Amino acid sequence: MVKELYFDNAATTRVYPAVVGVMNEIMLAEYGNASSLHALGDKASKFLINSRANIARALGARTHEIFFTSGTTESNNWVFSGLAHNNSDKKKILISSIEHPSIRETANLFRNWGYTIVEIPVDSRGFVDIDFIEKNIDLSTLFVSVMHVNNIFGTIQNLKKIGDICKRKGVIFHTDCAQSFGKLKILVHDWNIDLLSASAHKISGPKGVGLLYVREGVKFSPFIYGGGQERGLRSGTENVPGIVGFAKAVEISLKEDWNKVSEIRDYIIAELENLGCKLIGARDNRLCNNIFVIFPGIDAEKLLYQLSEKKIYVSTGSACDSKKETEDKSLIALGLSSKEIKSSLRISLPADVTRKEADYFLKVLKELIKR
Ligand SMILES: Cc1ncc(COP(=O)(O)O)c(C=O)c1O
């Protein structure tokens with residue numbers, strides 16, 4: 001008997017018990033401040049060094065290129081100010097038209113401060129127009145930001161292709177990997193990525209911890225001033241339990257059987273299409289656990305609440321936007337109408353999803369739709 005189905009893993013995830021285990025131990029026994037000189041501080045500092053090294057390895061980065069933050073929102077905000085302070089003559093920024101609000105809203109702020117923000121268009125499956133990027137980079141371009149995987153419809157961008165263009169044109173390339181880090185292979189150096197943001201809580205790590213990778217050689221300003229932690233760029237006592245939990249989550253998540261998850265994803269998509277649903281986003285090059293569909297003629301929000309009453313949890317869009325009345329800008333950029341957006345549902349599967357759970361989900365869904 002299936003008791004509860006949490007199918008909203010793009011919003012956040014349940015923390016791995018092993019992550020809770022290591023964090024618990026650190027909070028109760030190894031609680032020193034990593035800056036303290038005594039033995040407890042030294043132990044905390046070693047935990048930090050190991051976690052940074054393990055996370056750097058997972059990205060193909062060097063240890064000193066990883067800076068811990070409170071999450072992708074902070075990292076994305078930092079990218080703008082970190083680069084702007086060092087390049088006062090460059091006032092043009094290219095962002096994709098499907099970015100998360102943490103990029104979009106920061107770009108709006110910079111627009112008010114006199115920057116030109118150029119939005120890179122996408123096709124109907126959500127792939128960015130790579131030729132547009134190439135044509136629009138010029139000597140005044142500060143940086144290009146394109147997310148790896150869209151948080152609502154799961155389309156995976158070809159980061160290497162974009163990174164290669166930016167490198168050839170001598171422009172800094174940033175990518176938001178909140179949805180992909182720990183699920184997909186990412187090689188920052190090989191793909192010519194200069195800056196990368198990610199969060200722990202999307203891969204069963206704790207909330208409130210994230211990272212910004214800054215390639216060695218990129219001129220970058222501090223974000224938070226104070227005691228000089230994180231090599232003087234992001235001050236404040238380090239969140240050692242959170243960071244160790246993050247590293248543990250990355251280690252476990254990278255070993256998950258995501259191929260199995262994508263098989264179950266495809267099974268659910270096929271069943272939903274048989275019901276008349278329309279898949280939005282890419283079919284190939286789609287995140288392993290993402291399903292985003294339109295249920296024609298159905299009020300998706302109503303369906304979400306009906307599913308919630310049955311202890312099945314899904315989303316109508318990104319969690320940060322779903323309580324607002326406005327439609328998500330990335331769905332408008334895809335060309336969806338208001339009517340379609342109101343009928344759309346995001347189902348994001350956990351790493352341990354089973355076929356039995358998928359069948360139960362489909363059974364409940366079919367009953368509700370029939371009603
Ligand atoms: C693509 C993307 N970027 C940024 C964020 C913000 O991450 P956080 O809330 O961990 O700061 C999210 C979270 O939903 C996301 O999916």
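**Helix α8 and the nonpolar core**

Modeller: On the face of α8 turned away from its buried side sit the exposed residues Asn259, Ala270, Glu273 and Asn274. This is a predicted model, where local features need pLDDT of at least 70, side-chain atom pairs count only at pLDDT 80 or more, and totals for chains, interfaces and linings use all residues. Residues are numbered from 1 along each chain as its sequence is written.

Biologist: What makes a residue exposed or buried?

Modeller: Exposed means 12 or fewer other C-beta atoms within 10 Å of its own, buried means 20 or more, and partly exposed is in between, with C-beta atoms placed from the backbone. By that count Val261, Ile264, Arg265, Ile268 and Leu272 of α8 are buried. They lie on the same side of α8 because they cover an arc of only 105 degrees around the axis, the arc being that of the directions from the helix axis to the C-beta atoms.

Biologist: What covers the buried residues of α8?

Modeller: The cover includes β10 (290-294), β12 (344-348) and α12 (355-370). Helices (H or I, at least four residues) and strands (E, at least two) are DSSP runs, numbered from the N terminus.

Biologist: How do you know that α8 reaches close to the span expected?

Modeller: The expected span is 1.5 Å times one less than the number of residues. With 17 residues (258-274), α8 reaches 24 Å from first C-alpha to last, close to the 24 Å expected.

Biologist: Why is a set of residues called a nonpolar core?

Modeller: Because its members are buried Ala, Val, Leu, Ile, Met, Phe, Trp, Tyr and Cys residues joined through C-beta atoms within 7 Å. The largest here has 99 residues, and Val144, Tyr213 and Val293 have the most contacts inside it.

Notes: Two residues are in contact if their C-beta atoms, placed from the backbone, lie within 7 Å.
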